[in-house]
Amino acid sequence: MVCYLMKRSIFSFTLLLLCMPSSQASDFNTKISSALRIDDRSSRDARFQYKLSVTPSFRVAQNWSLHGYAITGDDFSSSHNTINASTSDSFYLRRLFVRYESENTKTEVGVIPTYKGRVSSTGLSKEGWIQGIRHVVASQSGKFEWVLGELSDTRSSQALGIAEQLNFIEVEFSSSVSNDFAYELGFERILNANYARGEMRFSSQTDVSYGLEIIGNIAEQEFKYVASLTSEFKLMSLPAELFIYYSFVDDNFGQRAELTEDFLSTGHGFSAELESSIESIKQLNWFSKIELYEGNSRIQLGLKYSLSL
């Protein structure tokens, strides 16, 4: 039954949600997000791109809910289409899953997200998917998570395909030692390789947090390291957020590197992102980003708008 639901198109899913009786409106929520940006790389001509995502959810029963996620982009870690490009019309339903959630547990079955909460720089792309099942158990000491499923074809058009083999395994434990310090430890079996991952996160009293992350290909003994800083502050009396990170990826780390959330290139990389709101228009933000990696540079400037229904 789950496999059958995976093969339904985005049009059928959207039609089902739009036809919900008005008495069930409080059980139906949708988040719509859009963005327009200019993307200028030193190695190619500047291009204009746009992003559109729809995230519907419907509460079926007290602890049960149905979730979907559709977005532009044609690949696992891609979320934008290029204007006036021959392949600029990509828009696919990448996730469709059932969630059961109680006070201390959460279970997701179907084409599920790559994350259980916050997305780490060494984690899989937040735009990606896994065909399988996730189970999370929370206790006083932290959260224990395991995921079983398949991740083979990274084309967005194939995200809802039927899982044919078990080739993705993830086990993770995360804990907050105090209000200022948290850590994660994890193991992955993905793309026929084994990876171990660790993360530490420190928060200060000045709305600044620091992160240290490492993930390693166990067999090849190749690693990716990330050091990051996140700061929330006021910019011309408006809320703003700055995210800065440095990364190093060994050349033989493997294909897993390209599926990572904050992947720039193998070797050394640096990125800085700044985002703030626009006072006169609610829910409209501007953003800027600069990336420097292995003799190349990339600059992005744009606007994003989000709406919840």
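**Figure 1. Asp39 and its salt-bridge partner.** Asp39 is a buried residue, with a relative accessible area of just 1%. Its side chain meets that of Arg47 in a salt bridge, with 3.1 Å between N and O. As with every view in this set, please keep in mind that you are looking at a predicted model. A general reminder may help here: side chains of opposite charge can pair when their charged atoms come close.

**Figure 2. The salt bridge between Asp27 and Arg59.** Here the side chains of Asp27 and Arg59 come together, 2.6 Å apart from N to O. This pair links distant parts of the chain, as the two residues are 32 positions apart. Asp27 sits in the loop between helix H2 (10-18) and strand S1 (28-41), while Arg59 belongs to strand S2. The two partners fall into separate exposure classes: Asp27 has 15% relative accessibility and counts as buried because that value is under 20%, whereas Arg59, at 47%, counts as partly exposed.

**Figure 3. Glu213, Arg201 and the network around them.** The closest N and O atoms of Glu213 and Arg201 are 3.5 Å apart, and the two residues form a salt bridge. Glu213 lies in strand S12 (residues 208-217) and Arg201 in strand S11, so this contact ties together parts of the chain that are 12 residues apart in sequence. Both Glu213 and Arg201 are buried. If you follow the shared partners outward, salt bridges join these two into one network that also takes in Arg99, Glu108, Lys116, Arg118, Arg134, Glu145, Glu172, Glu184, Arg197 and Glu199. For the model as a whole, the count comes to 23 salt bridges.

**Figure 4. The largest cavity and its lining.** The model has 1 cavity of 30 Å³ or more, and the largest cavity holds about 40 Å³ of space. Around the largest cavity you will find Glu170, Val171, Glu172, Gly186, Phe187, Glu188, Tyr195, Ala196, Arg197 and Ile215. By class, that lining is made of 5 nonpolar, 4 charged and 1 polar residues. At least two lining residues come from each of strand S9 (168-176), strand S10 (181-190) and strand S11 (193-203). Glu172 and Arg197, both in the lining, also belong to the salt-bridge network of Figure 3.

**Figure 5. A nonpolar patch on the surface.** Tyr246, Phe270, Ile290, Leu292, Ile299 and Leu301 form this patch, and together they have about 500 Å² of accessible area. Strand S16 (284-293) and strand S17 (296-308) each supply at least two of the patch residues. Take Ile290 as one of the members to look at: this residue is found in strand S16. Ile290 is partly exposed, with a relative accessible area of 34%.

**Figure 6. Two partly exposed residues, Ala61 and Arg189.** Ala61 has its place in the loop between strand S2 (47-59) and strand S3 (64-72). With 35% relative accessibility, Ala61 counts as partly exposed. From the C-alpha of Ala61 to that of Tyr100 is 9.4 Å in space, and the two are 39 residues apart in sequence. Arg189 is found in strand S10 and is also partly exposed, its relative accessible area being 30%. Its C-alpha atom is separated by 37 Å from that of Ala46, 143 residues away along the chain.

Terms used: Residues are numbered from 1 along each chain as its sequence is written. This is a predicted model: local features need pLDDT of at least 70, side-chain atom pairs count only at pLDDT 80 or more; totals for chains, interfaces and linings use all residues. Side-chain values use heavy atoms; hydrogens and water are left out. Patches are made of residues with over 30% relative accessible area and no salt bridge: like charges are joined within 9 Å, nonpolar side chains (Val, Leu, Ile, Met, Phe, Trp, Tyr) within 5 Å. Accessible areas come from the Shrake-Rupley method with a 1.4 Å probe; for residues, only the protein chains shown count as cover. A salt bridge is a side-chain nitrogen of Lys or Arg within 4 Å of a carboxyl oxygen of Asp or Glu. Helices (H or I, at least four residues) and strands (E, at least two) are DSSP runs, numbered from the N terminus. Buried means under 20% relative accessible area, exposed over 50%, partly exposed in between (1.4 Å probe, protein chains only). On a 1 Å grid over the protein atoms alone, a cavity is a set of points where a 1.4 Å probe fits but cannot get out, and a pocket is an open set with protein on both sides within 12 Å along at least five of seven lines; lining residues have an atom within 4 Å of a point. Grid points are joined across faces, edges and corners, and a volume is the space filled by probe spheres set on the points. Ala, Val, Leu, Ile, Met, Phe, Trp, Tyr, Cys and Pro count as nonpolar, Asp, Glu, Lys and Arg as charged, and the others, Gly among them, as polar.
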